[in-house]
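The following paragraphs lead through a single protein model, element by element. The sequence and the structure should be kept in view while reading.

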Amino acid sequence: MTPKGVIIQSSTYSVKETIDRIQHFLQQQGVTIYARIDQQSELNNAGLHIPPMEFIMFGKPKAGGPLMIDNPLAALDLPLKIIAWGDPQQKVWLAYNDAAYIRERYDLPEAISAPLNLEPIVTKALE
């Protein structure tokens, strides 16, 4: 089941390499990386075990700022996030919010909401 407003796709890279590639691409574009969390490691520290899972949180204030000015509640979905995880069959997946869903959720104008579209970023980073 795919939750409403979430895009899920597979990656041909490991979880770590998937997030490495996305992070590298974002940094080349001048995007700020706010956090990168190795969820597997964090859960292992708590005595819980899961397959590899990493999370990255990022943004560009000049791009996200107009969204929050238009509707401060949009900050609930900003900064942007991507998560990558491995499943029991050793397949790697990544997920992120669908730009159209966020735009509709906060009634944001299309003219300022283009930065919400992560699909081109993910596609280029994982080429």
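Which elements each supply at least two residues of the lining of the largest pocket? They are β3 and α3, the latter spanning residues 61-70. Since the model is a predicted one, this answer, like everything below, describes computed geometry. The pocket itself has a volume of about 320 Å³. Its lining comprises 19 residues, and those closest to the centre are G59, K60, A63, G64 and L80. The greatest contribution to the lining is that of α3, with six residues. Sorted by class, the lining consists of 14 nonpolar residues, four polar ones and one charged residue.

From the pocket, the description turns to the sheet. Five strands form an open sheet with antiparallel pairing, in the order β1-β5-β4-β3-β2. The two edge positions are taken by β1 (6-11) and β2 (32-38), each of which pairs on one side only. From one strand to the next, the twist averages 20 degrees. As a general matter, strands of a sheet pair through backbone hydrogen bonds, in either a parallel or an antiparallel sense.

The pairings can be followed across the sheet, beginning at the edge strand β2. Six bridges connect β2 with β3 (residues 53-59) in the antiparallel sense. Within this pairing, T32 lies opposite G59 of β3, and I33 lies opposite F58 of β3. G59 thus appears in two settings: it stands opposite T32, and it is among the residues closest to the centre of the largest pocket.

On to the next pair: β3 and β4 are likewise antiparallel, with six bridges between them. Here I56 has I82 of β4 as its bridge partner, while F55 has I83 of β4. Strand β3 is mostly covered, five of its seven residues being buried.

What are the covered and the uncovered face of β4? L80, I82, A84 and G86 make up the covered face, whereas K81, I83 and W85 make up the uncovered one. In a regular strand the side chains alternate between the two faces of the sheet. The two bridge partners named above fall on opposite sides of this division, with I82 on the covered face and I83 on the uncovered face. L80, also on the covered face, is one of the residues closest to the centre of the largest pocket.

Strand β4 continues into β5 through a hairpin with five residues between the two strands. Four bridges join these antiparallel strands, and A84 stands opposite L94 in β5. The loop between β4 and β5 holds Q90, whose phi is near 70 degrees, a positive value in a residue other than glycine. Is Q90 buried or exposed? Q90 counts as exposed because its relative accessibility is 69%, and exposure requires a value over 50%.

Several residues of the sheet also belong to the interior. The largest nonpolar core has 28 residues, and those that touch the most other members are I22, F58, I82, L94, L108, L116 and L118. Two or more core residues come from each of α1 (15-28), β3, β4 (80-86), β5 (92-97), α4 (99-105) and α5 (119-125). The largest share belongs to α1, which gives five residues. In soluble globular proteins, nonpolar side chains tend to be buried together. The core connects with the pairings already described: F58 is the residue opposite I33, I82 is the bridge partner of I56, and L94 is the residue opposite A84.

Two backbone details remain, both in loops. Between α3 and β4 lies P79, and the peptide bond from L78 to P79 is cis, with omega near -5 degrees. Between α4 and α5 lies D107, which has a positive phi of about 50 degrees although it is not a glycine. D107 counts as exposed because its relative accessibility is 65%.

Technical notes:
Residues numbered from 1 in each chain as written. Predicted model: local features only at pLDDT ≥ 70, side-chain atom pairs only at ≥ 80, totals over all residues. Heavy atoms only, no water. Pairing = 2+ DSSP bridges. Axes fitted to C-alpha atoms, helices over the stretch in contact; angles between N-to-C directions. Core = buried A, V, L, I, M, F, W, Y, C linked by side-chain atoms within 4.5 Å. Buried < 20%, exposed > 50% of the residue type's maximum accessible area, 1.4 Å probe, protein only. 1 Å grid on protein atoms, 1.4 Å probe; cavity = no way out; pocket = protein on both sides within 12 Å on 5 of 7 lines; lining within 4 Å. Points joined across faces, edges and corners; volume = space filled by probe spheres on them. Nonpolar A, V, L, I, M, F, W, Y, C, P; charged D, E, K, R; others polar.
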